[in-house]
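User: Please take a close look at one helix of this protein and at what packs around it. Then go on to the sheet and the other elements that can be described.

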Amino acid sequence: MILERDGSRQNFLVRGLRGAGSALRRQPVEGWAVAGAAAALYTVFSITQWNRFDIPSWDLGIFTQLAKAYAGLDAPIVPIKGHGFNLLGDHFHPLLVLLGPAYAFFPSALTLLVVQNLLVGWSALVLTRLAVRHVGRMPGLFLGAAYALSWGIQSAVAVQFHEVALALPLLALAMEAYIEGRLRTAVVVSGLLVFVKEDMGLTVFAFGLVLAWRFRSRYLAGLGLALWGLAWVALSVGVILPALNSGGTYDYSDRIDIDALLADPLPTLFAMLTAEQKYETLWLLLLAGGFLFLRSPLAWVMLPTLLWRFAAANESYWGPGWHYNAVLMPVLFGALIHAILLARRSNRSWLRSYSAAVVPVVSVVALMLLPGQPLAALSKPETFQQSPRWDAAHRMMDRIPEGSTVETGVVLMPYLVPDAEVYWIGNENPAPDYLVVDAEDFSWGPVRPATAEQHAEETWPGEDYTLVFDEAGYQLVRRVG
């Protein structure tokens, strides 16, 4: 009996491996080409950033601390955000637990950048194979490349890892399932988006309504998905995030002034549409989708993300920069593929003609936008030059014993996290074992401390610090006693 059970397990494993191999072989070569090229190109870009100490924000350090915690099977406590801060009280992103195994094998912030680039490649594979199946091999190849090089994806990669990277393949798979009429897959895959970030529940809500319209004979599945999305928005924002937040609140509840909108709706709505950055975002979306994507019901799925961003008072949400547009790109290109199929069956001859021309149009747009996008940096030799402070920075970091606490600015956070407990200089932190003052780190603002020793002893009265490293604009002080 034991031998029979072992044999059945082996047969099950063999069948599973054969099935996986068969599924991989069924992917069109165009899909592999676009996915591989995108992942490789973005990884080269990320490595050049890493070698130049080009760290745009504190987010990479934050998510590296989260990945480190998950790799150790711990709660995602992130000292960079504050002493004892649980990152699940900042944004609702339980799917980030998947970073734990990757970080356990490769404990580096660079791992997160590579993971993000692989997720971009995966989403490009899905959208390229979808386009190849339904639009044609060559047009599918160009559509996949246009997606991979789209401005929203480039901006997200340039500002480094964010949780929205996990949404890219899920959204691409949901678009594919919608177009190919696979309702169950569309519901299951899109339903996972609520665990990527709390606002993705609004996207799930919109997609559920679109599914209910598309599959009217089985509309309850779509309506159920829509309710699922809204329920998780309410649960995460109203219950989970405040419960896990050290302040007992949802930190982003004030990004939309609901009271102003209700009290004076028309002027507030007018103000939502009068900022130049918002026009720029909308115009770039229209260009990237060749305008034709608007004919697909899938275009409605983009609306919740655009509405909450444009209604927010934070100007960084409005424009085409940062990572906020990444989740729009799979939806836009999915809608474009669907719109091409609809236009081909149109009674209007001009629309049928444009459906044939739109692939060259969006491909040319993607190429024309490239010089102003982050990947253009790869055409410059200086991009590939390592920071002249690289050796000094690593000699300094080598002076910090493993397991020590260290306070530093944004730039060196991701490099220090694997071996130390890192604090950010902008918070009120307990006295650390070490303090780094980097003369070129933007975290200090216009005025840097004259000496790290004086700054440390003034910040933590009663503590004594001694200088242990002073080179290339880096000062490292150690707490004495």
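Analyst:
**Helix α10 and its surroundings**

Helix α10 spans residues 200-214, 15 residues in total, and reaches 21 Å from its first C-alpha to its last, close to the 21 Å expected at 1.5 Å a residue. That expected span is 1.5 Å times one less than the number of residues. Helices (H or I, at least four residues) and strands (E, at least two) are DSSP runs, numbered from the N terminus. This is a predicted model, in which local features need pLDDT of at least 70 and side-chain atom pairs count only at pLDDT 80 or more, while totals for chains, interfaces and linings use all residues. Residues are numbered from 1 along each chain as its sequence is written, and side-chain values use heavy atoms, with hydrogens and water left out.

Buried residues of α10 are M200, G201, T203, V204, A206, F207, G208, V210, L211 and A212. Here buried means under 20% relative accessible area, exposed over 50%, and partly exposed in between (1.4 Å probe, protein chains only). The cover over these residues includes α8 (167-179), α9 (183-191), α11 (219-244) and α15 (303-311).

With α15, the axis of α10 comes within 8 Å and crosses at roughly 140°. Axes are lines fitted to C-alpha atoms, for helices over the stretch in contact, and angles run from 0 to 180 degrees between N-to-C directions. The crossing makes α10 oblique to α15; angles under 35 degrees count as roughly parallel, over 145 as roughly antiparallel, 65 to 115 as roughly perpendicular and the rest as oblique. L202, T203 and A206 of α10 make the contact with P304, T305 and W308 of α15. Contact means heavy atoms within 4.5 Å.

F207 of α10 deserves separate mention. Leaving aside neighbours within four places in sequence, F207 touches A174, M175, Y178, A186, S190, L225, L298 and V301. In the largest nonpolar core, which has 131 residues, F207 is one of those with the most contacts, along with L143, F161, L298, L336 and L412. A nonpolar core is a set of buried Ala, Val, Leu, Ile, Met, Phe, Trp, Tyr and Cys residues joined through side-chain atoms within 4.5 Å. Apart from the largest core lies another of ten residues, among them L435, W444, A452 and Y465.

L435 leads to the sheet, being the bridge partner of E407 in β3. The sheet is open, with five strands in the order β2-β1-β3-β5-β4 and mixed pairing. Two strands pair if DSSP finds at least two bridges between them. At the edges stand β2 (421-424) and β4 (464-471), each with a single partner strand, so one side of each has no neighbour in the sheet. Direction ignored, neighbouring strands are turned by 25° against each other on average.

Strand β1 (residues 405-408) runs parallel to β2 and is joined to β2 by four bridges, with T405 opposite E421. On the other hand, β1 and β3 (residues 434-438) pair in the parallel sense over two bridges, and V406 has Y434 as its bridge partner in β3. T405 and E407 on one side of β1 and V406 and T408 on the other are all buried, and both faces are thus covered. Helix α20 (residues 452-459) lies across β3, β4 and β5 (474-480), at about 150° to β4.
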